[in-house]
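User: I am new to this structure and should like to be guided through it by questions and answers. Please begin with the overall picture and then turn to particular elements.

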Amino acid sequence: MRYFDAHNHLQDEWLAAHLPEVLKALGEIGIAGAVVNGTVDGDWQSVAGLACEHRWIIPSYGVHPWRVKERSEDWLEQLRARLDEGGVIGEIGLDRWKEGCDFEDQQRVFRAQLELAVERNVPATIHCLRAWGALWDIVREEPVPECGFLLHASGGPREMVGGFAKRGAYFSFSGSFLAEGKHNNRDTFRDIRMERLLVESDAPAMPLPVELNRYPLPQTAEGEAVNHPANIAVAYEGLARLRSMEVEELAQIIADNFGQLFGPFVSK
């Protein structure tokens with residue numbers, strides 16, 4: 001088995017104290033590729049450092065909608081410089097769920113990053129919460145990367161999947177969707193075309209249900225659960241059950257899809 005994590009944050013400070021054991025566990029399960037996403041220009045160097053140390057990591061640089069206020073004045077120039085060295089764009093997006101985030105500013109930052117992804121023809125990893133109409137208006141009316149883009153932990157309306165797919169979207173399944181209350185997410189992922197499916201951990205965020213957590217980590221000081229990226233294996237198994245197929249069969253499909261979207265950016 002080879003596992004491909006379409007979206008995580010290995011550079012996150014929540015994982016810093018556990019990173020050696022985390023990397024060891026990922027090696028043991030057979031991680032073959034992972035897209036590690038920055039969230040603001042202040043953490044891009046950490047992402048780049050991890051990618052230099054581990055050839056299976058694809059660095060991804062972006063300004064997350066929650067962190068638009070934190071970006072530097074020259075953030076876009078920095079992003080261009082990072083892409084000159086290799087990598088893709090993300091995590092970017094739109095969010096009306098998180099309070100205190102200027103939605104107009106989010107849209108300006110999102111559009112600038114999406115335009116750069118189009119210019120460089122690199123995949124963009126997109127976050128969306130309670131802003132699916134606004135996201136669709138942009139994706140429908142404006143250019144998107146020819147190579148495609150990822151809607152990570154996609155939780156949008158089921159009826160919008162087809163439209164996004166026609167514009168080049170891939171959709172990544174999160175292990176957190178295995179929670180009892182996430183039946184709508186599971187129903188959506190039963191029907192997404194196989195060639196558009198990916199799997200993600202989003203570690204250290206979006207933890208699995210406690211009973212499925214195969215790789216527990218200590219909680220944060222604030223008592224928040226920390227998701228181990230090796231739980232990607234559990235997400236694969238959950239999606240395979242959902243699609244009524246063997247996990248080995250699913251793994252081959254995910255490997256092909258990951259290669260189609262991110263393959264050109266894997267270190268040689």
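The exchange below concerns a predicted model.

User: How many helices and how many strands are in the protein chain?

Analyst: The model is a predicted one. Its protein chain holds both kinds of element, and the count is 10 helices and 8 strands.

User: What radius of gyration does the protein chain have, and how does that relate to the globule rule?

Analyst: For 268 residues the globule rule gives 18 Å, and the chain comes close to that value, so it is as compact as a globular protein of that length. Its C-alpha atoms fill a box of roughly 45 × 40 × 40 Å along the principal axes. The radius of gyration itself is 17 Å.

User: What percentage of the residues of the protein chain count as buried?

Analyst: A residue counts as buried when its relative accessible area is under 20%. Over the 268 residues of the chain, the share that meets this criterion is 57%.

User: In what order do the strands of the open sheet stand, and which strands are at the edges?

Analyst: The sheet has 8 strands with parallel pairing, in the order β1-β2-β3-β4-β5-β6-β7-β8. Two strands have a single partner each, so one side of each is left without a neighbour in the sheet. On average, neighbouring strands are turned by 25° against each other, direction ignored. The edge strands are β1 (3-8) and β8 (197-200).

User: Which residue of β8 does F173 stand opposite?

Analyst: Strand β7, residues 169-174, runs parallel to β8 and is joined to it by 4 bridges. Opposite F173, the residue in β8 is V199.

User: Are helices α9 and α10 roughly parallel or roughly perpendicular to each other?

Analyst: Helix α9 (residues 232-242) packs against helix α10 (residues 247-262) at about 110°, with the axes 9 Å apart. Angles of 65 to 115 degrees count as roughly perpendicular. The two helices are therefore roughly perpendicular.

User: Which residues of α10 make the contact with α9?

Analyst: From α9, the contact draws on Y236, E237, L239 and A240. The contact residues of both helices divide into 7 nonpolar, no polar and 1 charged. On the α10 side they are V247, L250, A251 and I254.

User: Is D137 buried, partly exposed or exposed?

Analyst: D137 belongs to helix α6, residues 132-141. Its relative accessible area is 34%, and values between 20% and 50% count as partly exposed. D137 is therefore partly exposed.

User: What distance separates the C-alpha atoms of D137 and Y236?

Analyst: Along the chain, D137 and Y236 are 99 residues apart. In space, their C-alpha atoms are separated by 32 Å.

Conventions
Residues numbered from 1 in each chain as written. Predicted model: local features only at pLDDT ≥ 70, side-chain atom pairs only at ≥ 80, totals over all residues. Heavy atoms only, no water. Pairing = 2+ DSSP bridges. Axes fitted to C-alpha atoms, helices over the stretch in contact; angles between N-to-C directions. Parallel < 35°, antiparallel > 145°, perpendicular 65-115°, else oblique. Contact = heavy atoms within 4.5 Å. Nonpolar A, V, L, I, M, F, W, Y, C, P; charged D, E, K, R; others polar. Rg over C-alpha atoms; globule rule 2.2 N^0.38 Å. Buried < 20%, exposed > 50% of the residue type's maximum accessible area, 1.4 Å probe, protein only.
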